[in-house]
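The following questions and answers examine a protein model, moving from its overall make-up to individual contacts. Each answer sets out its reasoning before the value or name requested.

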Amino acid sequence: MRIILVTGLGGAGRTTVAAATALAEARTGRRVLLVSEEADPRLAGDGLSILRPDPAEDFRREFLALQARSGAALDLLGAAPFESAELTELPGSRQFALLRALRDAAHGEHDLAVVDLPPLPEALALLALPEQLRRYLRRLLPPERQAARALRPMLAQLAGVPMPAQWLYETTARWETELAAAQAVADAPTTRVRLVLEPGPAAVRALRTARLGLALQGLALDAVVANRLLPADSEDPWLAGLTAQQHRHLAELRTAAGVVHELPHLGRDPRGAEDLALLAPVPPAAAPAPAPGPEVEDRREEDGVLVWHIPLPGAVKEELALVRRGDELLLTVGPFRRHLPLPPALRRCTVTGAGLVEGDLRVRFTPDPGLWPRTP
């Protein structure tokens with residue numbers, strides 16, 4: 001199943017482009033699912049289904065389920081349970097609702113899912129969230145600490161309530177399963193990100209940020225869409241000046257991105273399927289090739305140095321920062337961070353340098369003596 005994640009700068013029209021993309025794909029005969037909080041329900045039909053995440057309802061459902069599972073312990077403490085009507089979603093509920101919708105979309109009977117993501121900075125943080133939370137769970141509640149798990153049912157029976165540790169680990173295991181499912185969707189080789197920009201001073205900078213953030217997560221940029229292009233043949237001096245300025249930024253965007261798919265400004269907000277048909281940004285295509293993800297290049301050089309190889313955009317010039325944390329390497333590139341688990345062969349090595357070489361990030365490690373036998 002293909003998945004297209006649509007994001008972009010705030011106000012650039014990413015929701016409209018997501019809907020137009022889904023509609024265009026459905027009209028080719030594919031079974032398409034559009035995931036968007038703002039999707040027009042009237043678009044459903046003729047191969048197009050719509051899933052509208054509801055953060056408030058999702059929060060209430062998850063909270064009440066958690067409350068029900070811990071009911072015995074709450075009764076023991078004398079706590080009064082919450083009713084559904086008095087629950088209000090907390091900050092962060094929207095991200096979790098969207099992750100669950102992304103997980104559910106991947107398991108449906110569709111050929112393609114088009115997902116309307118939040119604006120670019122929030123979208124990049126959202127895509128990194130499952131891996132980050134899973135790391136926190138493994139750090140705070142490592143599974144190997146369940147050595148006495150066999151005794152807990154007996155202790156729970158004697159106490160009359162589930163043991164807190166047992167409940168905690170069961171909840172953690174459920175969260176781990178859900179987060180792993182969401183991360184698997186983002187990491188799937190057929191998942192692509194479509195970037196929507198309105199040509200302007202921030203467009204090239206946003207493209208650079210998107211490429212960097214996606215590359216660190218092993219995600220591929222499917223297409224760059226320049227939205228709301230003004231007509232180039234206007235006789236109005238004021239409009240002609242705006243058009244000239246917009247097209248200068250469009251030229252910069254073409255230089256940075258290569259291929260840019262251009263969409264016209266309709267002179268109004270899009271209304272219905274007819275207008276969306278005018279805004280189909282990219283011709284429907286077959287399944288894309290797998291995206292290149294981070295990989296380890298194990299080279300046994302004469303000086304015994306390993307190279308960590310992570311493809312990054314060639315235009316990236318941010319300073320790199322590396323911190324060793326046990327069996328992990330904390331990599332900071334510009335505004336982004338990623339925890340990289342070290343392969344066993346690198347866990348006895350020392351970081352000796354890092355830099356960008358021909359557009360690739362290379363981190364060099366020197367192994368301890370005796371790690372590899374020297375070739376005579």
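Two residues are in contact here when heavy atoms of theirs lie within 4.5 Å. The model is a predicted one.

Q: Which residues of H4 do Pro55, Asp58, Phe59 and Glu62 in H2 meet?
A: H2 and H4 pack with their axes 9 Å apart. On the H2 side, the residues involved are Pro55, Asp58, Phe59 and Glu62. Their partners in H4 are Ser93, Arg94, Phe96, Ala97 and Arg100.

Q: How are H2 and H4 oriented, roughly parallel or roughly perpendicular?
A: The angle between H2 and H4 is about 85°. Angles from 65 to 115 degrees count as roughly perpendicular. Therefore H2 is, relative to H4, roughly perpendicular.

Q: How many residues of the contact of H2 with H4 are charged?
A: The residues of this contact between H2 and H4 fall into three classes. Nonpolar residues number 4 and polar residues 1. The count of charged residues is 4.

Q: What kind of aromatic pair do phenylalanine 59 and phenylalanine 63 form?
A: Both residues belong to helix H2 (residues 55-69), and because they are 4 residues apart there, about one helical turn separates them. Their ring centres are 5.9 Å apart, with 35° between the planes. Planes under 30 degrees apart would count as stacked and those over 60 as edge-to-face. The pair of phenylalanine 59 and phenylalanine 63 is therefore classed, by this definition, as tilted.

Q: Is phenylalanine 59 buried or exposed?
A: The relative accessible area of phenylalanine 59 is 16%. A residue under 20% counts as buried. Phenylalanine 59 is therefore buried.

Q: What is the geometry of the pair formed by phenylalanine 63 and phenylalanine 82?
A: Phenylalanine 63 is partly exposed, at a relative accessible area of 27%. The centres of its ring and that of phenylalanine 82 are 5.5 Å apart. The planes of the two rings stand at 80°, so the pair is edge-to-face.

Q: Where is phenylalanine 82, the partner of phenylalanine 63 in helix H2?
A: The pair links distant parts of the chain, its two residues being 19 residues apart. Phenylalanine 82 is partly exposed, with 41% relative accessibility. Its position is in the loop between helix H3 (71-77) and helix H4 (93-106).

Q: Which residues do ring pairs link into a cluster?
A: The whole structure contains 2 aromatic pairs. One of them joins phenylalanine 59 to phenylalanine 63, and phenylalanine 63 also pairs with phenylalanine 82. The cluster consists of Phe59, Phe63 and Phe82.

Q: How many residues in the contact of H4 with H5 are nonpolar?
A: H4 and helix H5 (residues 120-140) pack at about 75°, with axes 11 Å apart. Gln95, Phe96, Leu98 and Leu99 of H4 meet Glu122, Leu126, Leu129, Pro130 and Leu133 of H5. Besides 1 polar and 1 charged residue, the number of nonpolar residues in this contact is 7.

Q: Which residues does proline 142 touch, not counting residues up to four places away in sequence?
A: Proline 142 lies in the loop between H5 and helix H6 (152-159). This residue counts as buried, because its relative accessibility is 8%. The residues it touches are Leu137 and Tyr169.

Q: What separation do the C-alpha atoms of proline 142 and threonine 172 have?
A: Along the chain, proline 142 and threonine 172 are 30 residues apart. In space, the separation of their C-alpha atoms is 9.7 Å.

How values were computed: Residues numbered from 1 in each chain as written. Predicted model: local features only at pLDDT ≥ 70, side-chain atom pairs only at ≥ 80, totals over all residues. Heavy atoms only, no water. Phe/Tyr/Trp six-rings, centres within 6.5 Å; stacked < 30°, edge-to-face > 60°. Buried < 20%, exposed > 50% of the residue type's maximum accessible area, 1.4 Å probe, protein only. Axes fitted to C-alpha atoms, helices over the stretch in contact; angles between N-to-C directions. Nonpolar A, V, L, I, M, F, W, Y, C, P; charged D, E, K, R; others polar. Parallel < 35°, antiparallel > 145°, perpendicular 65-115°, else oblique.
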